[in-house]
Structures are given as C-alpha cells and as structure tokens.
Amino acid sequence: MKKVSNELLNKYIKYFGKDAAIPPEHIMKTLVEMKEKGTYDSNMKVIKKEYKSIKKKIEDKTGTKLNRDNPIFDVDFDKSEN
C-alpha cells in the first residue's frame, strides 16, 4: 500500500478512531471528505438500503466474495484510465 499523508491519516483516525481498519488511500480520502461535508451518514443509509444488491453485483463481476481483500477496493474510480 502506498504511504498515506499524515494529514489524511490523522483526519481519518479523528473521524473513525485509532482502531479502525485502514482502507486504501482513495477510499480513506472519500470517507474523510464525506465526514467533513456532513454527507457520511446519509450516504451510508443509502448504501445500507442497497447493500445486498451492491454486494451481489460486485461478487458476480469479480468472481470473489466481498471482503476487505476484494480487488474492487483497489480501483480508484476518480482516476480515468488512459
């Protein structure tokens, strides 16, 4: 895993606690941004409501169970492929 900036890591720990699992940097950045914008709770409600459907789609596409090691979490959807 690429080294995460101290500032981002400190903000992540502030919002999610020192014992929280450390996700890839692009996910950590998104989670911190949602917390700072106040959209985290509403976004998580949407995800929770659609979780079973989302999980099935991811597992069908990747051919693996959805867990923290699933390759889908390595994809940074903000970066376009050239």
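Me: Hello! Let's start with one residue: in which helix does Glu-59 lie?
Reply: Happy to begin there, and please keep in mind that this model is predicted. The helix that runs over residues 40–62 is α3. Glu-59 has its place in helix α3.

Me: Is Glu-59 buried or exposed?
Reply: The relative accessibility of Glu-59 is 18%. The cut-off for a buried residue is under 20%. Glu-59 therefore counts as buried.

Me: Which residues does Glu-59 touch, leaving aside those up to four places away in sequence?
Reply: Glu-59 is in helix α3, and that helix covers residues 40–62. With residues up to four places away in sequence set aside, the partners touched by Glu-59 are Thr-64, Lys-65 and Leu-66.

Me: Let's step back to the whole chain. How many helices and strands does the protein chain have?
Reply: From the N terminus on, its elements run α-α-α. The secondary structure of the protein chain therefore comes to three helices and zero strands.

Me: What percentage of the residues in the protein chain is buried?
Reply: The C-alpha trace of the chain spans about 35 × 30 × 30 Å along its principal axes. Of the 82 residues in the protein chain, the buried share is 17%.

Me: Among contacts between residues at least 6 apart in sequence, what percentage joins residues at least 24 apart?
Reply: One pair separated in this way is Lys-11 with Glu-36, which ties together parts that are 25 residues apart in sequence. For the protein chain, the share of such contacts that join residues at least 24 apart is 21%.

Me: Now the packing. Are α1 and α2 roughly parallel or oblique to each other?
Reply: Helix α1 (residues 6–16) packs against α2 at an angle of about 55°, with the axes 10 Å apart. Roughly parallel would need an angle under 35 degrees, and roughly perpendicular 65 to 115. The pair α1 and α2 is therefore oblique.

Me: Is the crossing of α1 and α2 left-handed or right-handed?
Reply: The two helices meet at an angle of about 55°. In passing α2, helix α1 makes a crossing that is left-handed.

Me: How many charged residues are there in the contact of α1 with α2?
Reply: On the α1 side the contact is made by Leu-8, Leu-9, Lys-11, Tyr-12, Tyr-15 and Phe-16. On the α2 side it is made by Glu-25, Met-28, Lys-29, Leu-31, Val-32, Lys-35 and Glu-36. Eight of the contact residues are nonpolar and none is polar, while the charged ones number five.

Me: And α2 with α3: are they oblique or roughly perpendicular?
Reply: Helix α2 (residues 25–37) packs on α3 at an angle of about 120°, and their axes are 7 Å apart. Roughly perpendicular covers 65 to 115 degrees, and roughly antiparallel begins over 145. This makes α2, relative to α3, oblique.

Me: How many nonpolar residues are in the contact of α2 with α3?
Reply: Leu-31, Met-34 and Lys-35 of α2 meet Tyr-40, Asn-43 and Met-44 of α3. One of these residues is polar and one is charged, and the nonpolar ones number four.

Me: On to the salt bridges. Which residues are linked with Lys-11 in a network?
Reply: Lys-11 forms a salt bridge with Glu-7, the closest N and O atoms being 3.6 Å apart. It also forms one with Glu-36, at 3.3 Å between the closest N and O atoms. Lys-11 is therefore shared by both pairs, and the network links it with Glu-7 and Glu-36.

Me: Which helices does the pair of Lys-11 and Glu-36 tie together?
Reply: Lys-11 is partly exposed at 28% relative accessibility, and Glu-36 is partly exposed at 41%. Their salt bridge ties together parts that are 25 residues apart in sequence, because the two residues lie in helices α1 and α2.

Me: About how many helical turns separate Glu-33 and Lys-29?
Reply: Glu-33 and Lys-29 form a salt bridge, with 3.9 Å between the closest N and O atoms. Both are partly exposed, Glu-33 at 32% and Lys-29 at 45%. They are four residues apart in helix α2, so the separation is about one helical turn.

How values were computed: Residues are numbered from 1 along each chain as its sequence is written. This is a predicted model: local features need pLDDT of at least 70, side-chain atom pairs count only at pLDDT 80 or more; totals for chains, interfaces and linings use all residues. Side-chain values use heavy atoms; hydrogens and water are left out. Axes are lines fitted to C-alpha atoms, for helices over the stretch in contact, and angles run from 0 to 180 degrees between N-to-C directions. Contact means heavy atoms within 4.5 Å. Ala, Val, Leu, Ile, Met, Phe, Trp, Tyr, Cys and Pro count as nonpolar, Asp, Glu, Lys and Arg as charged, and the others, Gly among them, as polar. A crossing is left-handed if the near helix is turned anticlockwise from the far one by less than a right angle, and right-handed if clockwise. A salt bridge is a side-chain nitrogen of Lys or Arg within 4 Å of a carboxyl oxygen of Asp or Glu. Buried means under 20% relative accessible area, exposed over 50%, partly exposed in between (1.4 Å probe, protein chains only).
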